[in-house]
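Please find below my note on the model you sent for comment. The points are numbered for ease of reply.

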Amino acid sequence: MAQNIDQKFVHDTFPEPVMPSCPIVKDLTGQKALVTGASSGIGKAVAIALGRAGADVVVNYVSGPEDAEAVAAEVRFCGAQAMTYRADVSKEDEVQAMFKAICDQWGTIDILVNNAGIQKDAAFHEMTLAQWQKVIDVNLTGQFLCAREAVREFRRRGVRKEVSCAAGKIICISSVHEVIPWAGHVNYAASKGGIMLMMKSISQEVAPWRIRVNSIGPGAIRTPINTEAWGRPEAYQNLLKLIPYKRIGEPDEIGRAAVWLASDHSDYVNGTTLFVDGGMTLYPGFETGG
Ligand code: NAD
């Protein structure tokens, strides 16, 4: 059923937003997926969308096992298998133990969604080395460590023709801030810009092995961490000035994009960022001609 959202904030001139209502089809049946940071927000929605598409899903989390278990229960409700696994993606030994546990229990892995990410915001002149380092460690090094383990397994195993044309798929959750500079968030923007060229360089290197590496660049998605900030009508109207499509995004919309990028529908898509941002990367400041 189509659903109307945020009508009270929408400018009179434009049509009211209507959300997509098309069902996700079971394109990923038989595949094993790992989603990092999957106990909340975008990671949770991606894990559930992959489960809905037929994939078995490992719900990685770093704290709050109950939330991770609740996500795993939703994946199982879709008819897929699910397991939870606690690991800090910025720690090499924990990442390696996680991939070993997955391969021991499920035999292999086909899809990695590198989603875990944090912000530690500060004015640049006040940013501590610890704030800089923590964000780089989780957002960038964490994606490197998980991608490296995934590529090792994909290369070892090769293509499983019965489930996919590719030997494996890696989807990096980046941000519109891989291209849009972000004052007050230099560590975060640097980590996302780093993901962009890490993703492209890995893709260039591993594509001959039939391994596909791509990113999703979300912009302004309604997740718990930003719902409060955007809850005030004035803040919401200011945010809409940055979004040509005049609504914020839902986590499920990243889930749908991840299902497509993980599926054979996108088999010829390599080393690209799919922005799911309502046009935020279209320089909306110029929408009146500049
Ligand atoms: P979120 O805080 O709900 O999700 C981040 C998840 O990562 C949390 O579950 C957290 O526990 C987990 N995590 C943090 N450190 C970890 C670690 N060391 N090891 C494992 N897991 C860890 O926020 P979200 O908005 O859902 O963000 C998810 C991803 O989407 C992030 O990479 C974020 O940068 C990106 N993103 C979000 C938006 C948005 O508008 N919400 C926009 C652009 C990009």
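Which of the 28 residues around the ligand come nearest?

1. The residues that come nearest to the ligand are G37, S40, G41, A116 and G117, out of the 28 around the ligand. The reader should bear in mind that this is a predicted model.

2. The shell around the ligand divides by class into 12 nonpolar residues, 15 polar residues and one charged residue. At least two residues of this shell are supplied by each of three helices: helix 1, helix 4 (129–157) and helix 6 (224–230).

3. Helix 1 also packs against other helices, and its pairing with helix 2 may be taken up here. Helix 1 spans residues 41–52 and helix 2 spans residues 65–77; their axes lie 8 Å apart, at an angle of about 20°. Helix 1 is therefore roughly parallel to helix 2, since angles under 35 degrees count as such. The crossing of these two helices is right-handed.

4. On the side of helix 1, the contact with helix 2 is made by K44, A47, I48 and G51. Helix 2 contributes V71, E74 and V75. By class, the residues of this contact comprise four nonpolar, one polar and two charged.

5. What angle do the axes of helix 1 and helix 8 make where they cross? The axes cross at roughly 50° and come within 8 Å, helix 8 being formed by residues 251–262. Helix 1 is therefore oblique to helix 8. The crossing in which helix 1 passes helix 8 is right-handed.

6. The contact of helix 1 with helix 8 draws on G41, I42, K44, A45, V46, I48, A49 and L50 of helix 1. From helix 8 come P251, D252, I254, G255, R256, A258, V259 and A262. The residues of this contact divide into 11 nonpolar, two polar and three charged. G41 thus deserves a remark: G41 belongs to this contact, and G41 is also among the residues that come nearest to the ligand. K44 and I48 are likewise named in the contact with helix 8 and in the contact with helix 2.

7. A separate point concerns G193, which lies in helix 5 (residues 186–206). Is G193 buried, exposed or partly exposed? G193 counts as partly exposed because it has 19 C-beta neighbours inside 10 Å, whereas a buried residue requires 20 or more. The C-alpha atom of G193 is separated by 9.3 Å from that of L140, although the two residues are 53 residues apart along the chain.

Methods: Residues numbered from 1 in each chain as written. Predicted model: local features only at pLDDT ≥ 70, side-chain atom pairs only at ≥ 80, totals over all residues. Axes fitted to C-alpha atoms, helices over the stretch in contact; angles between N-to-C directions. Helix = DSSP H or I, 4+ residues; strand = E, 2+ residues; numbered from the N terminus. Parallel < 35°, antiparallel > 145°, perpendicular 65-115°, else oblique. Left-handed = near helix turned anticlockwise from the far one by under 90°. Contact = placed C-beta atoms within 7 Å. Nonpolar A, V, L, I, M, F, W, Y, C, P; charged D, E, K, R; others polar. Near = placed C-beta within 6 Å. Buried ≥ 20, exposed ≤ 12 C-beta atoms within 10 Å, placed from the backbone.
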